[in-house]
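Colleague: I've got this one open and I'd like to practise reading its helices. Can you take me through it?

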Amino acid sequence: MATQQTRSLARFMMAPSVVLLFVWMIVPLVFTIYFSLLQYNPLNPIRDGFVWFANYKLFYSNPAFFAAILNTLTIVVSVLVITVVGGILLAMLLDQPIWGQGIVRILVISPFFVMPPVAALVWKNMIMHPQYGVFADIARFFGAEPIDWFGQHPLTAVILIVAWQWLPFATLILLTSLQSLDGEQKEAAEMDGAGFLSRFIYLTLPHMSRAITVVILIQTIFLLSVYAEILVTTNGGPGYASTNLPFLVYQKALLEFKIGQASAGGVIAVILANIVAFFAMRAVGKNLDK
Amino acid sequence: MARAVTTQHKTIATAAAWIVALLIFFPILYTIITSFKSEQEAIQGFNLIPSGTTESYAEVQAQSGYFKFFLNSVILSVGSTLLAILIAVPAAWSMAFSPTKRTKDILMWMLSTKMMPAVAVLFPIYLIFRDSGLLDSRIGLTVMLMLINLPIVVWMLYTYFREIPGEILEAARMDGASLWNEIIYVLTPMAVPGIASTMLLNIILAWNEAFWTIRLTTTNAAPLTAFISSFSSPQGLFWAKLSAASTLAIAPILIMGWFSQKQLVRGLTFGAVK
């Protein structure tokens, strides 16, 4: 079917998407790389000029940058561990025959549809507030001192909120994968006397492995750029205790107008994301061939 | 599954599942409950039974004009989705029905644009928007959200279109259908469900997008994400109002989301898990 004519038609049909995405990717990125080599402050232009890699050197000398990278990775890894382990357990529970499964699924998936600012504000004020939050009520009920989450454990608080948002996603995808597991295989394993644990290790886990990979990769993309949750809860503080790379870039660019430093942070964020993307592409690409 | 399930097993599993589900849902539930409390009730400690007043809802609308933000959210999410569909359908179509050697590479590359962190291009985009007067404009933000979701839209449409058997087109052609008839009577009915699911998921994603919608708007084009973020200022404890605003902001999308669970899995895993 592929004549010269249909081929050029195909090219014509793809052109808008390809051109748009290309421009969207390249133009701002080139600007960012260029800015990252400048000293550039719109409020104080006296010292503006080309400084080569001085902005990148700040990653060694300025503790904020180092803290931001560390916090970024802490958020990604902690949330991944919580959601993947929790998701596997939850998916296995929901895969059991239970009454009202439809409603249970709806309840579990709901947090995923809550927009980040709402999730963050609800947790900040109604759940984790040191005086009026539900956690404080529970602590007082047991005679304990309520925890000042955002003052003393800001990063943990952010991680909890983000994990709450992503646990449903992991659960839903792992459950979907679990439900495609062949019932007969399970039965055969059971008849052969395989216990629960060995069934889990040798049958369930390998079956879910691709879904787990996909969950990890996709979540990582989004977790690398957590922003709204920090903005409305801790605002990055106290100090830099809960500042991640996206938040630091935002602070430098739009609050302090240190465009060069912000851009260097942006470039580092791109590099981080690319390392992840490299693995993500391979995993998703493999699936395309099937 | 032919396995006999004992009632006892089912009872325990049911109890455990419901407890966990309710715990996970609790923050949302409590928000809805609190929205029906008065401001005083809201800070009087844990209480699951509200007095049932709706004064917070009235106040949210009266004080901050909730409806304007709601309208912006609808315009931005639906507008950007329609625009993305318009641009993506031809691309996905040609990739699904006349794939070339490079089709896979192009798809991969499109996906890779999705992985670029938004912060990396924050300032250039901010400058471009400012200099072209697009800051705080619905048009600018619609285009922005369209670009962000375009890769996902192309991908989802592609995976749906790929499942339409090519032979059916040939059969129609053999029966003498013109290209136009082929599109109207054969292809469209088969493509509509896929397009609908794609739209649903993308409206949800656009509705909840909380970086550009907050950073590139101030008042005119500000959607619900920006509206809610403005509640983060520490002065005063207006939890009933906050809860009412939050409930209003998430309710439409929560309900849509419940209907789109299947598409969600498929869309967000780029067809890798179905």
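Modeller: Sure, and keep in mind that this is a predicted model. Let's begin with H5(A), which is mostly covered: twelve of its twelve residues are buried.

Colleague: Which residues of H5(A) are buried?

Modeller: Running along H5(A), the buried ones are Pro116(A), Pro117(A), Val118(A), Ala119(A), Ala120(A), Leu121(A), Val122(A), Trp123(A), Lys124(A), Asn125(A), Met126(A) and Ile127(A).

Colleague: What span should helix H5 of chain A have, and how far apart are its end C-alpha atoms?

Modeller: Count 1.5 Å a residue, and the twelve residues of H5 (residues 116–127) should span 16 Å. The end C-alpha atoms of H5(A) are 15 Å apart, which agrees.

Colleague: Okay, on to packing. How are two packed helices described?

Modeller: You give the angle between their axes and the distance between the axes. Take chain A: H3 (residues 63–94) packs with H8 (residues 154–179) at an angle of about 40°, and the axes are 6 Å apart. That angle makes H3(A) oblique to H8(A), because it lies outside the ranges for roughly parallel (under 35 degrees) and roughly perpendicular (65 to 115).

Colleague: What is the handedness of the H3(A) and H8(A) crossing, and which classes of residue are in the contact?

Modeller: H3(A) and H8(A) cross in a right-handed way. Their contact has 20 nonpolar and seven polar residues, with no charged residues.

Colleague: Let's try chain B. At what angle do H4(B) and H7(B) pack?

Modeller: H4 (residues 66–97) and H7 (residues 138–161) of chain B pack at about 40°, with 6 Å between their axes. H4(B) and H7(B) are therefore oblique to each other. Their crossing is right-handed. Sorted by class, the contact of H4(B) with H7(B) has 22 nonpolar, five polar and one charged residues.

Colleague: And stepping back, how many helices and strands does chain B have?

Modeller: Chain B comes to 13 helices and zero strands. Read along the sequence, the pattern is just α-α-α-α-α-α-α-α-α-α-α-α-α.

Colleague: What radius of gyration does chain B have, set against a compact globule of 274 residues?

Modeller: The globule would come in near 19 Å, but chain B has 23 Å. Along its principal axes, the C-alpha trace of chain B spans about 75 × 70 × 35 Å.

Colleague: What share of the residues in chain B is buried?

Modeller: Buried residues make up 45% of the 274 in chain B.

Methods
Residues numbered from 1 in each chain as written. Chains lettered and ligands numbered in written order. Predicted model: local features only at pLDDT ≥ 70, side-chain atom pairs only at ≥ 80, totals over all residues. Helix = DSSP H or I, 4+ residues; strand = E, 2+ residues; numbered from the N terminus. Expected span 1.5 Å × (residues − 1). Buried ≥ 20, exposed ≤ 12 C-beta atoms within 10 Å, placed from the backbone. Axes fitted to C-alpha atoms, helices over the stretch in contact; angles between N-to-C directions. Parallel < 35°, antiparallel > 145°, perpendicular 65-115°, else oblique. Left-handed = near helix turned anticlockwise from the far one by under 90°. Nonpolar A, V, L, I, M, F, W, Y, C, P; charged D, E, K, R; others polar. Rg over C-alpha atoms; globule rule 2.2 N^0.38 Å.
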